[in-house]
Amino acid sequence: MLHYSDVLRIIDLKLTILCGMLFCFGLLVSPWVFKKQLKIFLFFPLWIWRLVKKYLSPNDPFLKIFLFIFFFNSLSLFANLISGFLLGFPVIFAILLGINVGIIILTETGRLDYIAIFLNPVSLFELPAAWISLSMGIKISISLYPNFLFCSSLQMFYKGLYVYFLVIIPLLIISGLIETSLIKAFTKN
């Protein structure tokens, strides 16, 4: 069993920063994607957003909103982790995450406010969790190269699971509680 400090050492800060930069690149190109109405990039985020709006309302009970947000984000970030078994996919997912966030914000508000995206209390926990999950996916991809031996990638995946459950999940719980609280607070006003 790894100690928590050992789990934190598994996280590669440089890869996490790279994933943050790739996310920012996706966010920066999202207005262009939105303006050009590039269907290949618009389909997924708008489909997901329609599903969220269909099955979730700000008037729903606190627990329902929190569980929906938490499980949705947990599943999404787990997909980032396992995407590492497909070479290059974590890099693509990082860019797409930025594009998807930008498209949803542009659809709802008509403009991107970068300060609001990065400095809101939800993003302070949720974005690092996403970038860490993507960086762990990249580490899995790197462990596959050059011989495509799955035994080394499985070892990295097991390390990634420690990071997922001991770092990413707590960050998602915190961000989910904050997001749900903000939704309920804005609903009352």
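Is Trp-47 buried, partly exposed or exposed? In this predicted model, Trp-47 comes out as partly exposed, with a relative accessibility of 36%. That value falls between the 20% limit for buried residues and the 50% limit for exposed ones. Its neighbour in helix 3, Phe-44, lands in the partly exposed class too, at 45%.

Phe-44 and Trp-47 also meet ring to ring. Their centres sit 6.2 Å apart and their planes make an angle of 45°, so this pair is tilted. Both residues belong to helix 3, which runs over residues 39–55. Because they are 3 residues apart there, about one helical turn separates them. The structure has 12 aromatic pairs in total.

Another aromatic pair joins Phe-70 to Phe-71, this time edge-to-face, with 5.4 Å from centre to centre and 65° between the planes. The two partners differ in how much solvent they see: Phe-70 is buried at 13% relative accessible area, whereas Phe-71 counts as exposed at 52%. Phe-70 gets its label because 13% is under the 20% cut-off, and Phe-71 because 52% is over the 50% one.

Elsewhere, a single aromatic cluster brings together Phe-78, Phe-85, Phe-157, Tyr-158, Tyr-164 and Phe-165.

Then there is Leu-28, which is part of helix 2, spanning residues 13–36. With 56% relative accessibility, Leu-28 counts as exposed. Along the chain, Leu-28 and Phe-71 are 43 residues apart, and 27 Å lies between their C-alpha atoms.

Note on methods:
Residues are numbered from 1 along each chain as its sequence is written. This is a predicted model: local features need pLDDT of at least 70, side-chain atom pairs count only at pLDDT 80 or more; totals for chains, interfaces and linings use all residues. Side-chain values use heavy atoms; hydrogens and water are left out. Helices (H or I, at least four residues) and strands (E, at least two) are DSSP runs, numbered from the N terminus. Buried means under 20% relative accessible area, exposed over 50%, partly exposed in between (1.4 Å probe, protein chains only). Rings of Phe, Tyr and Trp (its six-membered ring) pair if their centres lie within 6.5 Å; planes under 30 degrees apart count as stacked, over 60 as edge-to-face and the rest as tilted.
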